[in-house]
Amino acid sequence: MTIESDLLAGPRGRRFCWELVRATGHPQEGDSTLFWAEYHLARRRGAGVVLFGPGSDQPAPEPSAHEVARAHDALLDAAHVDAASVDDVLRALARTADSAMWWQAPDEQDALLADAVPEETTARAVRAVSATAAVRTVFTAPSDPRWWTVEPERPWAAEYPDPVRPPSATVALRDAHRALLDEQLSEAGSADSGEWWTTPPSALRTTTHRVGDRGPLALWAVEDHTGWERADVAAVEVDPAARVFEVDDADDWAVLCRRFPIDVTGTTRQHDWGRATGRQGAWVVPDWNAVADHFDAVHLTLRGWLRASGVAVQVDDRTASVIAGWTPDQAVWLRDPQPMPGPASRWEFDREHDGWVTA
């Protein structure tokens with residue numbers, strides 16, 4: 001498969017393309033078509049958007065689908081995607097991850113991309129983005145299937161200072177499994193939002209690849225980011241014999257769910273994922289307690305995230321699942337002993353330059 005096909009396959013890939021297009025170009029001066037299209041879509045969905053300033057009491061123009069499509073064509077024509085830097089690509093990935101909110105309907109930009117932008121326009125954007133040197137730099141991971149043994153691209157951890165660690169991975173998995181069973185009993189039928197993510201317990205060690213001197217990808221692109229602006233970054237020593245389940249596309253996730261299923265239809269996920277994907281029905285997630293009996297880690301590749309994050313992944317004739325809350329390229333280490341990081345360096349988010357730098 002190619003970068004181009006990865007970007008076309010799912011909503012995160014397509015959103016990333018347009019985030020990079022927006023970052024490297026500007027709409028025609030005075031063209032507010034996309035602003036008004038997103039404003040009216042938000043209003044129709046019941047979002048509490050309010051206009052302020054001169055003219056805010058006047059009727060707001062409502063662009064047609066044709067005008068929205070034409071505005072995207074103009075945006076692409078004005079972009080200089082080929083000049084994008086690695087930092088531009090990482091920032092576009094960050095915005096793409098920030099917009100992945102799998103407890104609600106897709107946001108206005110995703111909705112417009114899905115409903116109002118012609119396939120050929122998006123395909124043209126994807127071709128331009130996938131040919132960009134900086135995109136290829138970020139998206140090209142080690143091709144060795146045992147990537148965690150390859151120097152210098154071994155896994156890297158990026159963590160809050162002084163993270164809270166469980167007594168063991170076994171305890172963390174056991175407690176999370178028990179909490180999920182309790183949730184099934186207490187929240188059946190509730191339409192309120194609750195736990196929507198499908199990651200293993202957050203206290204387990206997680207790693208991503210490093211992007212040259214820009215640090216690990218986990219610094220930049222995080223779904224449901226909590227706003228942390230400091231992190232300790234270190235290379236992680238992993239057992240060369242580790243057994244890692246690779247999730248490279250939706251089919252891999254479906255295999256994981258079929259092999260180690262736990263039903264979550266009776267939890268708030270049913271309603272959260274229904275809103276996010278438009279699908280109604282039964283849902284499952286991987287039983288991480290059972291997965292840990294067979295694998296040391298699960299790794300969601302960057303291409304797997306681009307292709308499948310947030311979509312309804314069909315598991316069998318009755319059930320589906322969602323990849324939600326994952327950082328792109330994230331490996332979660334499930335077993336004891338947890339991989340140990342080496343000497344750490346402190347990184348900070350530089351608001352002036354909108355990026356991560358060493359402290």
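In this predicted model, the largest pocket holds about 1,200 Å³ of space. It is lined by 43 residues, and those closest to its centre are T199, P200, P201, S202 and A203. Two or more lining residues come from each of β1 (156-159), α9 (169-186), β2 (206-207), β6 (282-286) and α12 (288-291). Helix α9 provides the largest share of this lining, six residues.

The second largest pocket encloses about 610 Å³ of space. Its lining comprises 28 residues, with F139, T140, A141, P142 and H209 nearest its centre. The elements α1 (3-9), α8 (133-139) and α13 (302-308) each contribute at least two residues to that lining.

The model also contains one cavity of 30 Å³ or more. About 40 Å³ of space lies within this largest cavity. The residues lining the largest cavity are W18, R22, E38, H72, L75, Q109, L112 and L113. Elements giving two or more residues to the cavity lining are α2 (11-23), α4 (65-78) and α6 (108-115); the greatest contribution, three residues, is that of α6.

The table sets out the lining of each space by residue class.

| Space | Nonpolar | Polar | Charged |
|---|---|---|---|
| Largest pocket | 22 residues | 13 residues | eight residues |
| Second largest pocket | 12 residues | eight residues | eight residues |
| Largest cavity | four residues | two residues | two residues |

Note on methods
Residues numbered from 1 in each chain as written. Predicted model: local features only at pLDDT ≥ 70, side-chain atom pairs only at ≥ 80, totals over all residues. Heavy atoms only, no water. 1 Å grid on protein atoms, 1.4 Å probe; cavity = no way out; pocket = protein on both sides within 12 Å on 5 of 7 lines; lining within 4 Å. Points joined across faces, edges and corners; volume = space filled by probe spheres on them. Helix = DSSP H or I, 4+ residues; strand = E, 2+ residues; numbered from the N terminus. Nonpolar A, V, L, I, M, F, W, Y, C, P; charged D, E, K, R; others polar.
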